[in-house]
Amino acid sequence: MDPVAALTRLGGIATAAELTLLTSRKRLRRAVSVGRVVHVSRSRYALPSRDEARAVAVAVDGHLRLLSAAEHWGWKVKWPAQWPQKLVATLPAEPVDASLTVAVVPRADLDGWATSRVRTVLDCAVELPFDEALAVADSALRSGEVTREQLDSALPLDAPARVRRVVAHASPLAANPFESALRAILIEADIDVVPQWATTIDGITYHPDLADPINGLAMEANSFAHHAAKADHDADCVRYNALVIGGWTVLRFTWEQVMFSPREITATVLAARALPRAA
């Protein structure tokens, strides 16, 4: 796979180990050499949009916001920002290749060249589609740099319902934006699911990506990036078989289905819910 496509699928930032499951080291080195991918630390790579966004922020004396801020904080996102997203006090004299929002925000909501971590999560909850906002919130909690208590305390009394919904459903248990997006699809369809539900079968505890324990459904976000190695594939087969023996109906969804066919996801889960349960 092309390294840029691989990074996009992995949330815009990834380790070398994650990337080399989808692309070769040779292609990755070539992408870095021509600037299509940025080597941000010893073992982490990111799309160049992160550096480009910061350069624009410096040029217009502004701050990164929304997805540009999320990427700045090193969080994985469902889709990288298509263009730099900036917060400015006044419009620059010359046009810039960026999405500019003119506003004055409290100094406490800014941190370096970006909106603060908590402000970034809440801004995304206000302005982005639910699945994209949930992916950002999940990533923020997963990073350990933002806590649920911080988000709850930062919510204004008149916060819109859409913002409260993102905060209420955010979870550090989602492994990546792929799982976040799958959960968002089901939440929007009023299908209650729990991430990483623990179920013990023959003395072994398993954690499906998502579970509907009332209806005995276990849903898996099957990512080639994390299931490509033979050992991973073998472990998945053992786990899926154990879940079925334990009375669960296992549904497996691909990245393409989750990203591009949400109605198919919903229809499949609702159809599985209608199946008769095993005794």
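Okay, so a search of the whole structure turns up 14 salt bridges. Keep in mind that this is a predicted model. Let me walk you through a few of those pairs.

Start with Glu18 and Lys76, which form a salt bridge with the closest N and O atoms 3.5 Å apart. This one ties together distant parts of the chain: Glu18 sits in helix H2, residues 16–19, while Lys76 is in the loop between helix H5 (66–72) and strand S5 (85–88), and the two are 58 residues apart. Both Glu18 and Lys76 are buried.

Next up, Asp109 and Arg119. Here the closest N and O atoms of the salt bridge are 2.8 Å apart. Again the pair links distant parts of the chain, 10 residues apart: Asp109 is in the loop between strand S6 (99–102) and strand S7 (110–111), and Arg119 belongs to helix H6, residues 117–127. Asp109 has 22% relative accessibility, so it counts as partly exposed. Arg119 is partly exposed too, with a relative accessible area of 22%. And there's a third player: salt bridges with shared partners join Asp109, Arg119 and Asp123 into one network.

Now Asp212 with Arg273, a salt bridge whose closest N and O atoms are 3.0 Å apart. That pair connects strand S12 (residues 210–212), where Asp212 is, to helix H14 (residues 262–273), where you'll find Arg273, across 61 residues. So is Asp212 buried or exposed? It's buried, because its relative accessibility is 3%, under the 20% cut-off. Arg273, at 29%, counts as partly exposed.

While we're on acidic residues, have a look at Asp138 in helix H7, residues 130–143. Asp138 is buried, with a relative accessible area of 0%. What does Asp138 touch, leaving out residues up to four places away in sequence? His169, Ala170, Ser171, Pro172, Ala174, Ser180 and Arg183.

Over to the backbone. Most residues other than glycine have a negative phi. Asp61, though, has a positive phi, near 55°. Asp61 is in the loop between helix H4 (49–59) and strand S4 (63–64), and it's exposed, with a relative accessible area of 61%. Asp202 also has a positive phi, about 50°, without being a glycine. You'll see Asp202 in the loop between strand S10 (199–201) and strand S11 (204–206), and at 72% relative accessibility it counts as exposed.

Last stop, the surface. Arg25, Lys26, Arg27, Arg29 and Arg30 gather there in a patch of positive charge. One of them, Arg27, lies in helix H3, residues 25–33, and is partly exposed, with a relative accessible area of 36%.

Note on methods. Residues numbered from 1 in each chain as written. Predicted model: local features only at pLDDT ≥ 70, side-chain atom pairs only at ≥ 80, totals over all residues. Heavy atoms only, no water. Patch = residues over 30% accessible without salt bridge, like charges linked within 9 Å, V, L, I, M, F, W, Y side chains within 5 Å. Areas by Shrake-Rupley, 256 points an atom, 1.4 Å probe, with all protein chains shown as cover. Salt bridge = Lys/Arg side-chain N within 4 Å of Asp/Glu carboxyl O. Lys, Arg positive; Asp, Glu negative; His and termini not counted. Charge placed at Lys NZ, Arg CZ, Asp CG, Glu CD. Helix = DSSP H or I, 4+ residues; strand = E, 2+ residues; numbered from the N terminus. Buried < 20%, exposed > 50% of the residue type's maximum accessible area, 1.4 Å probe, protein only. Contact = heavy atoms within 4.5 Å.
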